[in-house]
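Here is a walk through one structure, taken a piece at a time. Keep the sequence and the 3D view side by side as you read.

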Amino acid sequence: MKKNFNFGCCFVSMMLALLLTQPAYAYLDAGSGSMMLQLLLGGFAGLALIAKLYWEKIRSVFGGKKREDKDGMPQESKETDLTARGDK
Amino acid sequence: MSNYCIEPGSFRDRNGRVFYGEDKVYRGLSPHALAQWELLSAAPFFNEFMKKGRIVATEMVTMGSAHLPAEIQAERHAAYLRHDRIPFISYPYEWSFGMLKDAAMLQLELLLHALDEGMILKDASAFNFQWVGAKPVFIDIPSFEKLQSGEPWIGYRQFCQLFLYPLFLQAYKDVPFHPWLRGDIDGIEPDQVNRIMSLRDVFKPGVLNHVVLHSKIQSRYESTTRDIKQELNSAGFSKTLIRHNVRKLLTIIQNLKWKRSSSEWSGYTDTHSYDTDDFAEKVDFVRDVVHSGPAWKMVWDLGSNTGTFSKIAAENASYVVAMDADHLTIERLYLDLRRNDDGNILPLVMNMNAPSPNQGWRGMERKSLENRGTPNLTLCLALIHHIVISANIPLKAFIEWLASLNTHLIIEFVSKSDPMVQKLLKNKVDQYDDYDLSNFEVCLRHNFRLIRKKELHSGTRFLFYAGIPA
């Protein structure tokens, strides 16, 4: 139970960080946040959807700054970084 | 000839219009609402909950349109539903903690069952519930709709604002939710409740997710122009997510406790009369009046306290509404009634010196106390000194208000020599020249037909039984 709680807390903090890095727009839309929150409250199925919706964003959070596809070299080094982490 | 009358407060939902006739409630359905009803009436869960009395008894009826009010006819409804009437309407800002909690759990249980059978409750308003005695009843039938695949739970935020946050306020902060719900028809907002919660509260069940995160995410997305509903749909949002969330919410709410109501209240007996002989005489007097004729249709017990006299009245009444200004008192009475499965006493938190007013658009959407139906018998025991001396309402004015209800009355006059009144006068200047027995009796006789009078054993309290003037 404690393990789940700790995992839950870590995950939640991660999500918070994710969300707060998004840019804000200028128009009011009341229920949108409440609908988005249901992804976080939806258990494993919710996590899967978050992954689907935010795949690029998650990748950039774990893999360092996102670079342009045009730069071949930086792209390769990013992949190397991920592999290195995986080995550990 | 139209014997029907339209509910003036029923206009927000364009899909259905409420009107009354022949002691029943009618609802006109739009074609869309009719399609939903056809699904709902065939659903096993709906019939099961209706049989248990948790959903108001409802059936579709054919109405000869010629008899309907012109306004209803003009709306060209596709069909009509007929519901049983709720004996006495009440609102969430009059319920005790336990009542709001039980209504919340019923809301979530209905939602779970509906989801299992391809339907959903499109909103989650606490105003969709009423009470029959100490049992909650769901009344907003058009709320049930076919579950659209890929759609999130649209009612989640409303559930938080009208159920979850008020319950958190009471359980986690011991702050009463009534003034808030009475003051804001939409309930408490995520950022408001978030500001009330402290760092310690963040670890209490439900606070991190449903308050803190909810508030943050709401600010983050309030200015978005994206079609979130469509995005979630495309991504494959399913009812599995809703079910998971609802089950968690059910657990959180089931475990919510209002600490004060679970602990012994040492001040409990302070509200009883000091003299036990007085009490016994009072019981006999009230019981005699209650059983003096056929069953009373509606009894109000104003300042019901422990509910002793409400229960006596219920022995020979169709329905009793027990009202007290003290939330804890009503909560205890509710828990007691719920245990014993009484079906004809409704406990409500109501301050008799400022009872619920008409509210909403043009004062039509939430009815004032008197507008919901007046009593045939009113009990006003050990109350008048609080009204006149504590609340500064003139004696004459209060008696005139009682007379306006067109009710029989059992009223207790507590004189200034009584210890309870002495206590109330202790820190006040005695400016209550109108508060004496002879003036009281004059006011009473002027507004009622006096039937019986009794001086109680202590000599400081007097009981009167009065009827409607001839």
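**Strands, a hairpin and a pocket**

Start with strand β4 of chain B, residues 58-61, which pairs with β5(B) in the antiparallel sense over four bridges. Bear in mind that this is a predicted model. To find the register of this pairing, look for E59(B): its bridge partner in β5(B) is R82(B).

Now turn to another partner of β5(B). β3(B) also pairs with β5(B), again in the antiparallel sense, and here the pairing runs over six bridges. Which residue of β5(B) is the bridge partner of L29(B)? It is A79(B). In residue numbers, β3(B) covers 24-29 and β5(B) covers 79-84. So much for β5(B) and its partners.

Move along chain B to the next pairing. Strand β7 holds residues 129-132 and strand β8 holds residues 135-138. The two pair in the antiparallel sense, over four bridges. Two phenylalanines mark the register: F129(B) stands opposite F138(B) in β8(B). β7(B) and β8(B) form a hairpin, with two residues between them. Look at G133(B) in the turn. Its phi is positive, at about 65°.

Next comes the largest pocket. Its volume is about 1700 Å³. How many residues line it? The lining has 50 residues. Nearest the centre lie E7(B), Y20(B), F127(B), Q130(B) and I139(B). Q130(B) brings back the hairpin, as residue 130 falls within β7 of chain B.

Several elements of chain B each supply at least two residues of this lining. Among them are β1 (5-6), β2 (16-21), β10 (296-302) and β11 (317-324). The helix α5 (156-173) belongs to this group as well. So do β3 and β5, the paired strands met above. Which element gives the most? That is β2(B), with three residues.

What is the chemistry of the lining by class? There are 21 nonpolar residues, 13 polar and 16 charged.

Finish with chain A. How many helices and strands does chain A have? The count is five helices and zero strands. From the N terminus on, its elements run α-α-α-α-α. Chain A has 88 residues, and buried ones make up 31% of them. Its accessible surface comes to about 6300 Å². Carbon and sulfur atoms account for 62% of that surface.

Note on methods. Residues numbered from 1 in each chain as written. Chains lettered and ligands numbered in written order. Predicted model: local features only at pLDDT ≥ 70, side-chain atom pairs only at ≥ 80, totals over all residues. Heavy atoms only, no water. 1 Å grid on protein atoms, 1.4 Å probe; cavity = no way out; pocket = protein on both sides within 12 Å on 5 of 7 lines; lining within 4 Å. Points joined across faces, edges and corners; volume = space filled by probe spheres on them. Nonpolar A, V, L, I, M, F, W, Y, C, P; charged D, E, K, R; others polar. Pairing = 2+ DSSP bridges. Buried < 20%, exposed > 50% of the residue type's maximum accessible area, 1.4 Å probe, protein only. Areas by Shrake-Rupley, 256 points an atom, 1.4 Å probe, with all protein chains shown as cover.
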